[in-house]
Amino acid sequence: MATTSKIEWTEQTWNPTVGCTKVSPGCKFCYAEVMAQRLEAMGTPGYENGFQLTILPNRLLEPLKRKVPTVYFVNSMSDLFHEDVPFSYIDKVFEVIIQASQHTFQILTKRSARMAEYFEGKKAPKNAWIGVSVEDKKYGVPRIDDLRKIDAHIRFLSVEPLLEDVGQLDLSNIHWVIVGGESGRNARPMKAEWAESIRDQCKESGVAFFFKQWGGWGVDGKKRAKKYNGRELNGRTWDDMPDMSASV
């Protein structure tokens, strides 16, 4: 079922699939895997297979039942473009997105090549924001070029967990960048200068910048619960959202 989210940049989550497999270093300490194991142990419907990729067509129509305009993060517990999700099922997800025009849907993937293949010759619905995860140079940065191929109203990057200095980014035709450190027991540290570099590049390029969190390591380089590390960068929060009047 769709649920209210604690994620700072969305309102609710909608998971028409759950479960995933690891593809890059950003997946190493996946929060969704840990959560799925808990939900399986609790007997929560939809998690009978734990973190194994599971398609849940019974959840497809959930956004249509909600009339209040809502921002949905699609598949917070999975990856819509996982190799085991048929394009025919992804078609059904986007049919719902088109019908639920009162809502905004944020779709994020690490399978950028497959997403680009899916959208070849298609245009993403205007109420679908299309994004890729960018955790490092080797695996994350190349996904940005795949994203740029997609005809979408809003394209965004989730640079989380930020694992290293990702260097100079090509932010052309990118509308929104989210940056955050890793949380959880095994969180890896993020340095302030890595986040500052991306923020400065966003400012120079006119791209909206959102600093989500420090995660498990504070700006002082000490590890503690993420709620004590906060989400300020250089003494303030950064909560920019994409310009909805942006054109492709």
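Two strands count as paired if DSSP finds at least two bridges between them. Keep that rule handy for the exercises below, and remember that this is a predicted model.

**Exercise 1. Work out how β9 is tied to β10, and which residues face each other there.**

Step 1: Look for the bridges. Five of them join β9 to β10, and the rule asks for at least two.

Step 2: Check the direction. β9 and β10 run parallel.

Step 3: Pick out a facing pair. Ile178 stands opposite Phe210 in β10.

Step 4: Follow the chain from one strand to the other. It leaves β9, passes through α5 and arrives at β10, in a right-handed β-α-β crossover.

**Exercise 2. Now try the other side of β9: find how β8 pairs with it.**

Step 1: Count again. β8 and β9 share four bridges, and the pairing is parallel.

Step 2: Name a pair. Ser158 has Ile178 as its bridge partner in β9.

Step 3: Ask how covered β9 is. Five of its five residues are buried.

Step 4: Split β9 by face. Trp176, Ile178 and Gly180 lie on one side, Val177 and Val179 on the other, and all are buried. That split fits a general pattern: in a regular strand the side chains alternate between the two faces of the sheet.

**Exercise 3. Put the whole sheet in order and find its edges.**

Step 1: Lay out the strands. The open sheet has eight of them, in the order β1-β2-β5-β6-β7-β8-β9-β10, with mixed pairing.

Step 2: Go to the ends. β1 (3-4) and β10 (208-213) are the edge strands, each pairing on one side only.

Step 3: Find an antiparallel pair. β1 and strand β2 (residues 12-14) run antiparallel and are joined by two bridges. There, Thr3 is partnered by Thr13 of β2.

**Exercise 4. Explain why β6 is described as largely enclosed, then trace its neighbours.**

Step 1: Check burial. Six of the six residues of β6 (residues 104-109) are buried, so this strand is largely enclosed by the rest of the structure.

Step 2: Check both faces. Thr104, Gln106 and Leu108 are buried on one side, and Phe105, Ile107 and Thr109 are buried on the other.

Step 3: Look towards β5. Strand β5 (residues 71-74) runs parallel to β6, with four bridges between them, and Tyr72 stands opposite Phe105. Together, β5, α2 and β6 make a right-handed β-α-β unit.

Step 4: Look towards β7. β6 and β7 pair in the parallel sense over five bridges, and Leu108 has Gly131 as its bridge partner in β7. The chain gets from β6 to β7 through helix α3 (residues 112-119), again by a right-handed β-α-β crossover.

**Exercise 5. Test whether helix α5 has the length you would expect, and see what it packs against.**

Step 1: Work out the expected span. At 1.5 Å a residue, the 14 residues of α5 (residues 192-205) should span 20 Å.

Step 2: Compare. The end C-alpha atoms of α5 are 20 Å apart, which agrees.

Step 3: List what is buried. In α5 these are Ala192, Trp194, Ala195, Ile198, Arg199, Gln201 and Cys202.

Step 4: Find their partners. The buried residues of α5 pack against β8, β9 (176-180) and β10.

Step 5: Step off the end. Just after α5, Gly206 takes a positive phi of about 70 degrees.

**Exercise 6. Decide whether Asn75 and Asn173 are buried or partly exposed.**

Step 1: Place Asn75. This residue sits in the loop between β5 and α2, with a positive phi near 65 degrees.

Step 2: Apply the cut-off. Buried means under 20% relative accessible area; Asn75 has 2%, so it is buried.

Step 3: Place Asn173. This one is in the loop between β8 and β9, with a positive phi near 60 degrees.

Step 4: Apply the cut-off again. Asn173 has 45% relative accessibility, so it counts as partly exposed.

Step 5: Spot another feature of the β8-β9 loop. Pro161 is found there, joined to Glu160 by a cis peptide bond with omega about -5 degrees.

Definitions and conventions:
Residues numbered from 1 in each chain as written. Predicted model: local features only at pLDDT ≥ 70, side-chain atom pairs only at ≥ 80, totals over all residues. Heavy atoms only, no water. Buried < 20%, exposed > 50% of the residue type's maximum accessible area, 1.4 Å probe, protein only. Right-handed = clockwise from strand over helix to strand, strands pointing away. Expected span 1.5 Å × (residues − 1). Contact = heavy atoms within 4.5 Å.
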